Amino acid sequence: MRNKVVCVVTAFSLMACTGEPESEPIEPDYTAEQYAFAISDIARMDDVERDAERLPGELLAFAQIDHGDVVGDFAMGDGYVTRLLAMAVGGDGRVYGYQPDEHIAADADLARQQAETMRRYSDEFAEPINVFPVRGPLTAPDWQEPLDTIIAVDALHRLWSPYLPDDTAPDAIAALFAALEPGGSLVVLDRLAADGGGVEAAQSLGRMDRELALDALTEAGFALEEESTVWERTDDTLGGEASDASEDDPASRFAWRLRKHG
């Protein structure tokens, strides 16, 4: 969970714990190295060859994942992020891997991939341990409980897909906002479009225009807290098509952490 304040009582800190003038709480540092145990999870050994490009430790640190967190992987695809989160939240945390109905309708293999990821984190009776499947339409995922964090990797631009109703993007983003606990965060990592690319870039290139994304997210109530350039690539001209099916994806990505205040 986020926003924990721990008081260590000493002769010099007693005033801060008893309502007297207090200093700002110290924000914990999150580093890629602290998630080495999650990255080395034996259940994600098939993912290791993609780690150099995807930078999983940096993603977990940017998302500020803690033990005990309840986290949703929005549009989980083949389950890479879901598997990454499984150990990062610890035994008392929970991960919900969400596969949208609309994506399964377009690619039936996504249902198999979701089931395979869930199998890796189930007991001998096929009961989930701390990773749970979620289905449902993009505008109404059944997360089962309020979430501390939602991570959406290469998923936001797909809300503007031409086969979806025009109101899908705002309705889906509103549903993400509603799914979070007050103070919860949404982490967006998506392929970068050239400035002004708009809906056309999302639909024809599989890329996200930052202005379009930020307008939609802030309209839903999110506040941009931090941006990372870790996943940007100087060799990407931002003009080429970025395929969701490609394993070797050279696209530059922007990364945002947005907060639900309240």
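**Entry 1: helix H4**

I began with the burial of helix H4 in this predicted model, and I found Pro56, Gly57, Leu59, Leu60, Ala61, Phe62 and Ala63 listed as buried there. Since seven of the eight residues of H4 are buried, I describe the helix as largely enclosed by the rest of the structure. I then looked just past its end, where H4 is followed by Gln64, a residue with a positive phi near 55 degrees.

**Entry 2: H4 against H5**

What do Pro56, Leu59 and Leu60 in H4 meet in H5? I noted Tyr80, Val81, Leu84, Leu85 and Ala88 as their partners. Sorted by class, this contact of H4 with H5 has eight nonpolar residues, with no polar and no charged ones.

For the geometry I kept in mind that two packed helices are described by the angle between their axes and the distance between those axes. I took H4 as residues 56-63 and H5 as residues 80-88, and found that their axes come within 11 Å and cross at roughly 65 degrees. Angles of 65 to 115 degrees count as roughly perpendicular, and H4 and H5 are therefore described as roughly perpendicular to each other. I also looked up the hand of the crossing of H4 and H5, which is right-handed.

**Entry 3: Asp47 and a charged network**

I turned next to Asp47, which I located in the loop between helix H2 (36-39) and helix H3 (48-54). Is Asp47 buried or exposed? With a relative accessible area of 1%, Asp47 is buried. Leaving aside residues up to four places away in sequence, I saw that Asp47 touches Tyr80 and Arg83; Tyr80 had already come up in my notes as one of the H5 residues that meet H4.

Asp47 and Arg83 also belong to one network, joined by salt bridges that share partners, whose other members are Arg44, Arg50, Asp51 and Asp78.

**Entry 4: three salt bridges taken singly**

The count for the model comes to 19 salt bridges, and I examined some of them pair by pair.

Glu116 forms a salt bridge with Arg119, and I recorded 2.7 Å between the closest N and O atoms. The two residues are three apart in helix H7 (residues 109-120), so Glu116 and Arg119 are separated by about one helical turn. I set beside this the general point that an α-helix has 3.6 residues a turn, so residues three or four places apart point the same way. Glu116 is partly exposed, at a relative accessible area of 26%, while Arg119 counts as exposed, at 52% relative accessibility.

In the next pair, the side chains of Glu225 and Arg259 meet in a salt bridge, with an N to O distance of 2.7 Å. Glu225 lies in strand S6 (residues 223-228) and Arg259 in strand S7 (residues 253-259), so this pair ties together parts that are 34 residues apart in sequence. I noted a relative accessible area of 36% for Glu225, which is partly exposed, and one of 6% for Arg259, which is buried.

I then looked at Arg233 and Asp235, whose side chains meet in a salt bridge at 3.6 Å, N to O. Here Arg233 is partly exposed, with a relative accessible area of 33%, and Asp235 is exposed, with 54%.

**Entry 5: Ala75 and Asp154**

Most residues other than glycine have a negative phi, and with that in mind I checked two loop residues. Ala75 has a positive phi of about 55 degrees although it is not a glycine, and Asp154, also not a glycine, has a positive phi of about 50 degrees.

Where are Ala75 and Asp154 placed? I found Ala75 in the loop between strand S1 (70-73) and H5, and Asp154 in the loop between strand S4 (147-153) and helix H8 (168-179). Ala75 counts as buried at 11% relative accessibility, and Asp154 is buried as well, with a relative accessible area of 14%. Although Asp154 and Ala75 are 79 residues apart in sequence, I recorded a C-alpha to C-alpha distance of 8.6 Å.

**Entry 6: the chain overall**

I closed with totals for the protein chain, which has ten helices and seven strands. Of its 262 residues, 49% are buried. Among the contacts in the chain with a separation of 6 or more, I noted that 75% come from residues 24 or more positions apart.

Terms used:
Residues numbered from 1 in each chain as written. Predicted model: local features only at pLDDT ≥ 70, side-chain atom pairs only at ≥ 80, totals over all residues. Heavy atoms only, no water. Axes fitted to C-alpha atoms, helices over the stretch in contact; angles between N-to-C directions. Helix = DSSP H or I, 4+ residues; strand = E, 2+ residues; numbered from the N terminus. Parallel < 35°, antiparallel > 145°, perpendicular 65-115°, else oblique. Left-handed = near helix turned anticlockwise from the far one by under 90°. Contact = heavy atoms within 4.5 Å. Nonpolar A, V, L, I, M, F, W, Y, C, P; charged D, E, K, R; others polar. Salt bridge = Lys/Arg side-chain N within 4 Å of Asp/Glu carboxyl O. Buried < 20%, exposed > 50% of the residue type's maximum accessible area, 1.4 Å probe, protein only.
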